[in-house]
Amino acid sequence: MVEMHVVRLNVYDPGRVGPSQMLLSYLGFGQHSSGVQVCNHEYTFTSNGIAKMQPLCMPSAKLNTAVGLGRFRGTPADLRAILRAMEPTYAPGSFDATSRNSNHFAADLAARLLGRDGAVPKQLNPLKPQFC
């Protein structure tokens, strides 16, 4: 039976920031991390590959904003299949701060879950595709 699951984008600021990071954040730029919350878990991308964690528990970061993106129509098994299909792109060791990071992963996962590109609002990603 197909289920409907809320999909949320959680955007985090680094836990410790210096003066330059605070200025960049104030101007709407800076370093952020993202995770996608769906089916009672949150998924992100790190140097170790795709990571599954408890929602709102990004290590060494504090929540900046959480935004509902829509509803995923599928089962937890469907979600696992989507994540498995993403593993070659987001493999351990493939993390790059400017071209393949947690924000790219979150936008990609959200698009796959919701069946549409641009699922992540542009105002949350002002430097696309280099939101890092």
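These are legends for close-up views of a predicted model.

**View 1. The whole chain, as a starting point.**
Before zooming in, here's the inventory: the chain has 3 helices and 5 strands. Reading from the N terminus, the elements go β-α-β-β-β-β-α-α. The chain has 132 residues, and 39% of them count as buried. Take the contacts between residues at least 6 apart in sequence: 70% of these join residues at least 24 apart.

**View 2. The five-stranded sheet.**
The 5 strands make an open sheet with antiparallel pairing, in the order S4-S3-S2-S1-S5. Strand S4 (49-53) and strand S5 (61-73) sit at the edges; each has a single partner strand, so one side of each has no neighbour in the sheet. Going from one strand to the next, the twist averages 25°. Look at strand S1 (residues 4-14) beside strand S2 (residues 33-38): this antiparallel pair is held by 5 bridges. One bridge to pick out pairs Tyr12 with Ser33 in S2.

**View 3. Two hairpins in a row, S2-S3 and S3-S4.**
S2 and S3 are antiparallel, with 3 bridges between them. They form a hairpin with 2 residues in between, and Cys39 in that turn has a positive phi of about 55°. Within this pair, Val36 has Tyr43 in S3 as its bridge partner. Next along, S3 and S4 form a hairpin as well, again with 2 residues between the strands. Here 5 bridges join the antiparallel strands, and Thr44 stands opposite Ala51 in S4.

**View 4. Close-up on Tyr43.**
Tyr43 belongs to strand S3 (residues 41-46). Is this residue buried or exposed? Tyr43 has a relative accessible area of 6%, which is under the 20% cut-off, so it counts as buried. Who are the neighbours? Leaving out residues up to four places away in sequence, Tyr43 touches Gly35, Val36, Val38, Ala51, Lys52, Leu79, Leu83, Phe105 and Leu109. Val36 is also the bridge partner of Tyr43. Leu79 and Leu83, both touched by Tyr43, are among the H2 residues that meet H3. On the H3 side of that contact, the residues include Phe105 and Leu109, which Tyr43 touches as well. For a sense of how the chain folds back, Leu83 is 40 residues from Tyr43 in sequence, yet their C-alpha atoms are 9.2 Å apart.

**View 5. Helices H2 and H3 against each other.**
Two packed helices can be described by the angle between their axes and the distance between those axes. Helix H2 (residues 76-86) and helix H3 (residues 102-114) pack at about 135°, with axes 11 Å apart. That angle makes H2 oblique to H3. The crossing of H2 past H3 is right-handed. From H2, the contact uses Leu79, Ile82, Leu83, Ala85 and Met86; from H3, it uses Phe105, Asp108, Leu109, Arg112 and Leu113. Sorted by class, that's 8 nonpolar, no polar and 2 charged residues.

**View 6. The same helices against the sheet.**
Which strands does H2 touch as it packs on the sheet? H2 touches S1, S2, S3, S4 and S5, and the direction of H2 makes about 115° with that of S5. H3 also lies across S1, S2, S3, S4 and S5, but the angle given for H3 is to S2, at about 25°.

Definitions and conventions: Residues are numbered from 1 along each chain as its sequence is written. This is a predicted model: local features need pLDDT of at least 70, side-chain atom pairs count only at pLDDT 80 or more; totals for chains, interfaces and linings use all residues. Side-chain values use heavy atoms; hydrogens and water are left out. Helices (H or I, at least four residues) and strands (E, at least two) are DSSP runs, numbered from the N terminus. Buried means under 20% relative accessible area, exposed over 50%, partly exposed in between (1.4 Å probe, protein chains only). Contact means heavy atoms within 4.5 Å. Axes are lines fitted to C-alpha atoms, for helices over the stretch in contact, and angles run from 0 to 180 degrees between N-to-C directions. Angles under 35 degrees count as roughly parallel, over 145 as roughly antiparallel, 65 to 115 as roughly perpendicular and the rest as oblique. A crossing is left-handed if the near helix is turned anticlockwise from the far one by less than a right angle, and right-handed if clockwise. Ala, Val, Leu, Ile, Met, Phe, Trp, Tyr, Cys and Pro count as nonpolar, Asp, Glu, Lys and Arg as charged, and the others, Gly among them, as polar. Two strands pair if DSSP finds at least two bridges between them.
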